[in-house]
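Please follow the explanation below with the sequence and the structure side by side, taking the strands and their partners before the surroundings of the ligands.

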Amino acid sequence: MHRILGIQCGFQVLLLTSIFAEMVNSLRDVYVTVPTAVRRGDTALLICHYDLEGDALYSVKWYKGRQEFYGYTPKEMPTMKIFTIAGIEIIKSLSNESHITLADVQLVSSGRYSCEVTVDAPSFHTFISSADMEVVELPHHRPAIVGTRPKYRIRDSVRANCTSRLSKPAANLTWSINNLPVNPSYVKHHKALKSHEHNLETAVIGIQFVTNRYHFIDGKLKLKCLATIHDIYIQSTEKSLEEEKPKIYTTKTPNVNYMNFHLNYPHDQNPTMYSIDAFGRKNSYETEFYEPESSYTSKASYSSIVELLVNLLTIAALILYL
Ligand SMILES: *[C@@H]1O[C@H](CO)[C@@H](O)[C@H](O)[C@H]1NC(C)=O
Ligand SMILES: *[C@@H]1O[C@H](CO)[C@@H](O)[C@H](O)[C@H]1NC(C)=O
Ligand SMILES: *[C@@H]1O[C@H](CO)[C@@H](O)[C@H](O)[C@H]1NC(C)=O
C-alpha cells in the first residue's frame, strides 16, 4: 500500500515537473517581422517566428490593434479563419501558420500588428509579439528648391526653402552643399503643412547662410535637398549657384594682381597672399592691397620688379581694351 502511494507520488512529481518544464521550455522566441514602411497599394508580408520545441501548435492569431483578423488552427476545419476589417485583405494562398500576406495595403492599414501563438493541450501556453507597420503615400514630385538666385557674391546671404509636397508621412528633408552635410546652424526647420483634403503632408526645410570663398568650387556652389521616407523613398534636387566675381575697378589698388598672379592660402578671415619666385622662395617684397567690397586688408608680394611691370602692363592693356 505504502509502496503504491510512493509510486503514485513519484509519478505526480514527475508529471508536475514535466508540465513545469514544458511551460518554461516550450514556445520560445516568438517575434514578428513586419515591414516598417510599405508603399500604398503594395503587398505586405508579415511573419510570425516561433519555436514550439517539439510541442503541437494549437493556434496562431493575428491582430491589428485589438481586432483579430486572421486565425490558423490546425485541428479545426477550416484551419484558416479570416475576419473582415477595414484595409486588410489576406491573400490566402500566401498565408499559413507562420506567414501572412496582405494585398493592396491602404493608409488605414497602418497600425500595430500582433501575432499570438498558443501551444496545444495541456499547457495552452500563449505568447504574443507586436510591431508597427506604416503605409506610405509617396510624393508625386521631387523636392523643389525655391528662393535662390542664379548668382551670388562672396559674403552674400543665401536664403532658400526646399519643399516636398503631399506625402504621408511628411518626407525627411536634409540640405547639403557640394555634397557635404551643412552646418546645422544654417538650417531652419519648419512644421509640415497638413492638407486636410487628402490627409497628406508637405514638408518644408529652410536654409540661410552667408557665402564664403570655400563654398564655391570652380565658381559653383552645389546646393542639394534630399527627401527620404523611411527606407522606401529617396529623391533629391540640386541647384548650382554661380559665383559672381567682383568687377574690376580702375583704382590704384592692384585687384588684378590679387585675382590673377597670387596664390591664395585659405585662412578664414585674413587670407595671406604669397608669391613664389623662380627659386621657390617666398618673396619678401610685400605690398598692401585692398580686396574690393571688403573691409580687411591683406598682404601681397611681388616676386620681382619685372613681374610687377608685366602686371602693370597687363592692367594697362586691359584698361585700353575695355
Ligand atoms: C508559409 O508560407 C511561406 C510563404 O508563402 C513559406 O515560405 C513557408 O515555407 C510556409 N510555411 C509552412 C510551414 O508551410
Ligand atoms: C520659406 O518658408 C517659410 C515658411 O513657409 C516662409 O516663411 C519663408 O518666407 C520662406 N522663405 C523663402 C526664402 O522662400
Ligand atoms: C525621419 O528621420 C527620423 C530620425 O532619423 C526618423 O526617426 C523618422 O522615422 C524619419 N521619418 C521618415 C518619414 O522617414
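Strand 13, which covers residues 172–177, pairs with strand 14 in the antiparallel sense over 2 bridges, and within this pairing Ile-177 stands opposite Leu-180 of strand 14. The model in which these strands appear is a predicted one. Both strands belong to an open sheet of 5 strands, whose order is 11-19-18-13-14 and whose pairing is mixed. The edges of this sheet are formed by strand 11 (151–152) and strand 14 (180–181), each of which pairs on one side only.

Strand 9, residues 126–136, can be followed through its pairings with two other strands. With strand 2 (residues 37–39) the pairing is parallel and runs over 3 bridges, and here Arg-39 stands opposite Val-136 of strand 9. With strand 8 (residues 111–119) strand 9 pairs in the antiparallel sense over 8 bridges, and one of the facing residues can be named, since Arg-112 has Asp-132 in strand 9 as its bridge partner. Strand 8 and strand 9 also form a hairpin with 6 residues between them, and in the turn Phe-124 has a positive phi of about 50 degrees.

Strand 7 is joined to strand 3 (residues 44–51) by 4 bridges, and the two run antiparallel; in this pairing Leu-46 stands opposite Ile-100 of strand 7. In a regular strand the side chains alternate between the two faces of the sheet. In strand 7, which spans residues 99–102, Ile-100 and Leu-102 make up the covered face, whereas His-99 and Thr-101 make up the uncovered one.

His-99 also appears in the surroundings of ligand 1, together with Leu-94, Asn-96, Glu-97 and Ser-98. By class, this shell around ligand 1 holds 1 nonpolar, 3 polar and 1 charged residues.

Which residues surround ligand 2? They are Val-146, Gly-147, Arg-159, Ala-160, Asn-161, His-190, Val-204 and Gly-206. The elements that give two or more residues to this shell are strand 12 (157–167) and strand 17 (200–210), and the largest share, 3 residues, comes from strand 12. Divided by class, the shell around ligand 2 has 3 nonpolar, 4 polar and 1 charged residues.

Around ligand 3 the residues are Pro-169, Asn-172, Thr-228, Ile-229 and His-230, and this shell divides into 2 nonpolar and 3 polar residues, with no charged ones. Asn-172, listed in this shell, brings the reader back to strand 13, which covers residues 172–177.

Technical notes:
Residues are numbered from 1 along each chain as its sequence is written. Chains are lettered from A and ligands numbered from 1 in the order in which they are written. This is a predicted model: local features need pLDDT of at least 70, side-chain atom pairs count only at pLDDT 80 or more; totals for chains, interfaces and linings use all residues. A residue is buried if 20 or more other C-beta atoms lie within 10 Å of its own, exposed if 12 or fewer, and partly exposed in between; C-beta atoms are placed from the backbone. Two strands pair if DSSP finds at least two bridges between them. A residue is near a molecule or strand if its C-beta atom, placed from the backbone, lies within 6 Å of it. Ala, Val, Leu, Ile, Met, Phe, Trp, Tyr, Cys and Pro count as nonpolar, Asp, Glu, Lys and Arg as charged, and the others, Gly among them, as polar.
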